[in-house]
Amino acid sequence: MLLLCLQSLARYLKWWLRALRPGANPSAPLTWRRILFLLLAPLLLAVQVFHWLGLFLDELLFPNYRKVKIEAPVFITGIPRSGTTFVHRTLAHDSMQFTTVSTWEAALAPSISARKIIQLALALDAKLGSPFAKIMHALTARAAGDFNQIHAVAPDAPEEDYLWLLPAASSLILLLAFPDSRYLAQTAALDTLPLSQRARLLDFYEACIRRHLYASGKGRRFLSKNAAFASWCPALRQRFPDAKFLLCVREPSEALRSQLSSLAPARRLFGTDPSGQITARLFETIFKHNYEALLRFLKNAQPGEVALIDQADLRNAPKPLLSAALQQLRIQPNDPLRKQLDQLTANHQTQHR
């Protein structure tokens, strides 16, 4: 873990210093918006340092987290903009069976130590009428801005666990901030990473799951949603032989257009790729790689291991499709999930251009 910590902090520092050099990166010219982000970027690095301190503190205070068994986890992945969030938040209603990470846990508390501190602070805040919680909700809504049109953000909502990978400098969202990083592009195509780096990253992710189960999910199955994990599926299967996979896909050109639309607010925030052309080429390459990776994974799937969900079918008939997928994976929904499935209706709306 120490080696990954040092490598990750070094990557952050390298990306930041390179971004400060005029003309060093054509995809991120030094506009006023880019300069503003780079002035604030050291805060991002400082947050990761605090995260790592919490993770190392876990080794001293909560060493038994390493003994937690990860049994039959469920991974929701596939192609971005293909219904992964909808599927994730639907299944998350079954809190008797599943446990999943929330926004505040993923962003603020990847460590057990940080989670305990924040939970204590929230308990004290509740006794005072929850002024801090109200401020955080308001700030989250304001900071989300345009992102809420793409992916609703709330502190307590089930969230994609890509935020867990920020301390490891391996979250795909960072590719929008530092688009010239070859390493970040490789994390979206995991099989292109050297074996040693791949193993360290998977060790880190597995430890994050163990920490989560230790802190709040004992006796339940871990439910993961990460639309950037298409190329991770073989490695996740090897790590967790009893895992189940819900793979969401969509007609490729529609999926890519939707993805590029959803990334526009992030490009504006980070001040990168003003025309969007570099991002389009980059994500076209990533999409091609991941569609091919999913096809290979499906060809090698065992019965009851994988269910494929097409976004068009999901829109037209969400209840029968998800019910059939759960049955295919031999997952029995509890009452809260059955009630949620009964409430699902067809939806043809889209917010992307």
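Trainee: Which helices do the buried residues of α2 pack against?

Mentor: In this predicted model, the buried residues of α2 pack against α1 (2-19), α4 (103-108), α5 (112-127), α8 (174-177), α10 and α12 (252-270). Among those buried residues are Phe-37, Leu-38, His-51, Trp-52 and Gly-54.

Trainee: Why is Gly-54 called buried?

Mentor: Buried means under 20% relative accessible area. Gly-54 has a relative accessible area of 9%, so Gly-54 is buried. Gly-54 lies in helix α2 and touches Ser-111 and Ser-113, leaving out residues up to four places away in sequence.

Trainee: What is the reach of α2, and what span is expected?

Mentor: Helix α2 (residues 32-61) has 30 residues. From its first C-alpha to its last it reaches 44 Å, close to the 44 Å expected at 1.5 Å a residue.

Trainee: Where does α2 have a kink?

Mentor: The kink lies at Leu-40, shortly before the proline Pro-42, and amounts to about 35 degrees. That value is the angle between axes fitted to the seven residues ending at a residue and the seven starting there.

Trainee: What makes Ala-72 buried and Arg-81 partly exposed?

Mentor: The cut-off for buried is under 20%, and partly exposed runs from there up to the exposed class, which is over 50%. Ala-72, in the loop between α2 and β1, has a relative accessible area of 17%, so Ala-72 is buried. Arg-81, in the loop between β1 and α3 (84-91), stands at 22% relative accessibility and therefore counts as partly exposed.

Trainee: What is the phi of each of these two residues?

Mentor: Phi of Ala-72 is near 45 degrees, a positive value in a residue other than glycine. Phi of Arg-81 is near 65 degrees, which is also positive in a residue other than glycine.

Trainee: In what order do the strands of the sheet stand, and why are β2 and β5 placed at the edges?

Mentor: Five strands form an open sheet in the order β2-β3-β1-β4-β5, with parallel pairing. β2 (98-99) and β5 (306-310) each have a single partner strand, so one side of each is left without a neighbour in the sheet.

Trainee: How do you know that β2 pairs with β3?

Mentor: Two strands pair if at least two bridges are found between them. Two bridges join β2 to strand β3 (residues 221-225), so the pair qualifies. Thr-99 stands opposite Phe-222 in β3.

Trainee: How many bridges link β4 to β1 and to β5?

Mentor: Strand β1 (residues 74-78) and β4 pair in the parallel sense over five bridges, and five bridges also join β4 to β5. Cys-248 of β4 is the bridge partner of Gly-78, and Cys-248 stands opposite Ile-309 in β5.

Trainee: Why is β4 described as largely enclosed?

Mentor: Six of the six residues of β4 are buried, so β4 is largely enclosed by the rest of the structure. Lys-244, Leu-246 and Cys-248 point one way, while Phe-245, Leu-247 and Val-249 point the other way.

Trainee: Which residues touch the most other members of the largest nonpolar core?

Mentor: Of its 64 residues, they are Tyr-205, Leu-236, Phe-245 and Phe-283. Helix α10 (residues 195-217) gives the most to this core, with seven residues. A second, separate core of 21 residues includes Phe-98, Cys-248, Leu-321 and Ala-325.

Technical notes
Residues numbered from 1 in each chain as written. Predicted model: local features only at pLDDT ≥ 70, side-chain atom pairs only at ≥ 80, totals over all residues. Heavy atoms only, no water. Helix = DSSP H or I, 4+ residues; strand = E, 2+ residues; numbered from the N terminus. Core = buried A, V, L, I, M, F, W, Y, C linked by side-chain atoms within 4.5 Å. Buried < 20%, exposed > 50% of the residue type's maximum accessible area, 1.4 Å probe, protein only. Expected span 1.5 Å × (residues − 1). Contact = heavy atoms within 4.5 Å.
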